[in-house]
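Me: I would like to go through this model with you. Could we settle the vocabulary before turning to the details?
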Amino acid sequence: MESFIHVIILSMLVTTAIAIVKVKDLFAVTMLAGIYGLLSASFFVLMDAHDVAFTEAAVGAGISTLLILTTLSMTGRFEKAADTPGSNYKPALALALVTLTGALLIYGTQDMPVFGAADAPVQTHVVPRYLNDSAAEIDIPNVVASVLASYRGYDTFGEVVVIFTAGIGVLALIMSTASKAPVALRASMEEHVVLRIVSKMLIPLILIFGLYVQFHGEYGPGGGFQAGVIFASAFFLYAMLFGLTAARKVVNNTWVQALAALGVLLYGSVGLLAMINGGNFLDYNFLAQDDVHGQHMGILFVELGVGITVASVMIIIFFTFSTRRQRDGDPD
Amino acid sequence: MSMLTTYLSWASLVLGGFLCVSGSVGLLRFPDFFTRMHAASVTDTLATGMILVGLMFQAPTWIVFGKLFMILVFVLLTGPTAGHALAKAALHSGLKPLLPGKSGKIETDANPSTGGV
């Protein structure tokens, strides 16, 4: 039965991918990309990877769809026709590149063990190590959180820095100089009474859910990445329905930029504190009197840093895009 | 679990499943955007709601019941709102409902945009 569902979901994934390539209406493509994310999330749930599924649903289906929509409102809704003068449309080149990359990837999988094979390296030393020892060493129920935040703390630090860099990149490329000038533009959805009332009911719930995901990440699926994205989406909703000017009153540009850096700083400081106490960088055992307490504190603060940075960077990207759209003259 | 809750649970689940299927058929077969959207939002709200109610009857603890109830409230809030937003966007971009007695078929796949975000 389960492999039947696998086949169905995978064929729906392939169909969605083909539709994304075929459809010329970029608005529909965005929606299809969201559906693709949601299907991937369902597939991850079937494979018992609940943390990954949660991330995919929040990031792939949720916030990236919103960000692409914001981009679309700047670039226009339809794909350019292939025969537009000055177009760089070279299907043969793209097809060759994709085929080559795909062939290399498939060639690469030849050396990998069969999925779920009992003698795969991951099953023989990494997984047993984490599953058997993390209860004694870290003592939190969600092993994924302990791997992500403690055993693989360096990698996660790298990921947070990547997100922070993305935020800086967006700011450097399209810095919103218009925020100084008074933007007296109407909210594009001002007249939508029902949407505004429902969103007013939902925004507090979304924020609370974001905090729940943040601080419950040690006990169930979740953690800083998902929480940051969910938290930021509440601000997106507010900005969409009540206008950027109103949203700017809630979210101070300078503060959000400072917060984005603060999250990374918090993460790094936890590592430095461990060094000051005589351990290695990000060795949480040295944070408190006994090892398990130190691990708990380290994971809590590290996840908080992740959450702060992710939420702030998402808000920065969204606001920078939207402000630029207003400055360039609202195309809708 | 008593017999009664089992029956009620399965009745809700089967009804929810039936509404899912009929909603999908309606989405494919109905003539214009607004009737199709009606089918889709019935699936969104009522079918999901019935399935959640069916699961609530089978909830082993009150915590599970409470979580399912909160999901139900969320679905009941967001489903109709999404339908409303879609219909409003369609009307806003000039799509008229298909009314009896009008000659000439209205394009049903106009795919209205919400007019930017």
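Reply: A crossing is left-handed if the near helix is turned anticlockwise from the far one by less than a right angle, and right-handed if clockwise. Helices (H or I, at least four residues) and strands (E, at least two) are DSSP runs, numbered from the N terminus.

Me: What is the status of the model, and how is the numbering done?
Reply: The model is predicted: local features need pLDDT of at least 70, side-chain atom pairs count only at pLDDT 80 or more, and totals for chains, interfaces and linings use all residues. Residues are numbered from 1 along each chain as its sequence is written, while chains are lettered from A and ligands numbered from 1 in the order in which they are written.

Me: How many helices and strands has chain A?
Reply: Chain A has 12 helices and 0 strands. Its C-alpha trace spans about 60 × 50 × 40 Å along the principal axes.

Me: At what angle do helix 7 and helix 11 of chain A pack?
Reply: Helix 7 (residues 153–173) and helix 11 (residues 253–276) of chain A pack at about 160 degrees, with axes 10 Å apart; the axes are lines fitted to C-alpha atoms over the stretch in contact, and angles run from 0 to 180 degrees between N-to-C directions. Helix 7 of chain A is therefore roughly antiparallel to helix 11 of chain A (an angle over 145 degrees).

Me: Is that crossing left-handed or right-handed?
Reply: The crossing of helix 7 and helix 11 of chain A is left-handed.

Methods: Angles under 35 degrees count as roughly parallel, over 145 as roughly antiparallel, 65 to 115 as roughly perpendicular and the rest as oblique.
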